[in-house]
Amino acid sequence: MIPGSRDVLLVIDVQVDFLPGGALAVPEGDAVIAPVNRLLGLFPHAVLTQDWHPPEHVSFAASHPGGIAFDTVCLAYGSQVLWPEHCVQGSAGAELAPGLASERAELVLRKGHHPAVDSYSAFLEADRRTPTGLAGYLRERGFTRVVLCGLATDYCVAWSALDARAAGFEVLVVEDAVRGIDHAGSVARAWAEMAAAGIGRIAAGAIAGYTALP
Ligand code: VGL
Ligand code: ZN
């Protein structure tokens, strides 16, 4: 594909806490930086997201008495995986990964900032009713296709891709510019769900440079 003026690259959560050594390290998470930077150079338009939680966020195991990281609990809006404390607003771990070509982004969207609601998705929070505003932003700018990359395949990338599709966008995920947490087969499940929703997969090498239309 050759990215055009109606395409937007959506770079999900390439942040210090999701890199090796981070609070919620994604295996090989740092391997996405080089391909993501290449993509940032090819797309005329890009949006980045940042997972951005207040201290004592509801998704943190430590916020629940006896809570254990990677366990699932039942909250008012449904089931929630408990995570180690990560991406706390203003912390070093919440910073975008060093070396990420973030200057190319036209918008940095922060999500997961409501204390009592998580948001894997860049579009719709975990209560499945609170919008982040991103669908409206992308529509208003005339984008019709969303191409995703970043972290993590099985959580924030997959949820964002599914919600982008549900919001009516054409959606592609760059398969070698994502990495997953892979908890109990969650990466394979995520790819299956995305395929069933009509979301395409593309290799970074199959994306060529942007050529401005005459
Ligand atoms: C993510 C778990 C918790 C992600 C964010 O970026 O995929 N995963 N918060
Ligand atoms: Zn989070």
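Here is a short chat between a visitor and a guide about a zinc site and some salt bridges.

Guide: Welcome! This is a predicted model, where local features need pLDDT of at least 70 and side-chain atom pairs count only at pLDDT 80 or more. Residues are numbered from 1 along each chain, and side-chain values use heavy atoms, with hydrogens and water left out.

Visitor: What makes Asp51, His53 and His86 donors of the zinc ion (ligand 2)?

Guide: Donors are N, O and S atoms within 2.8 Å of the metal (3.2 Å for Na, K and Ca); water is not among the atoms, so sites may look incomplete. The OD of Asp51 and the NE2 atoms of His53 and His86 lie 2.0 to 2.2 Å from the zinc ion (ligand 2), so they count as donors.

Visitor: Why is aspartate 51 called buried?

Guide: Buried means under 20% relative accessible area, exposed over 50%, and partly exposed in between (1.4 Å probe, protein chains only). Aspartate 51 has 3% relative accessibility, so it counts as buried.

Visitor: How do you know that arginine 141 forms a salt bridge with glutamate 106?

Guide: A salt bridge is a side-chain nitrogen of Lys or Arg within 4 Å of a carboxyl oxygen of Asp or Glu. Here the closest N and O atoms are 2.7 Å apart, so the pair qualifies. By this rule the count comes to 8 salt bridges.

Visitor: Is arginine 141 buried or partly exposed?

Guide: Arginine 141 is partly exposed, because its relative accessible area is 34%.

Visitor: And what about aspartate 163: buried or exposed?

Guide: Aspartate 163 counts as buried, at 11% relative accessibility. Its salt-bridge partner is arginine 128, with the closest N and O atoms 2.8 Å apart.

Key. Chains lettered and ligands numbered in written order.
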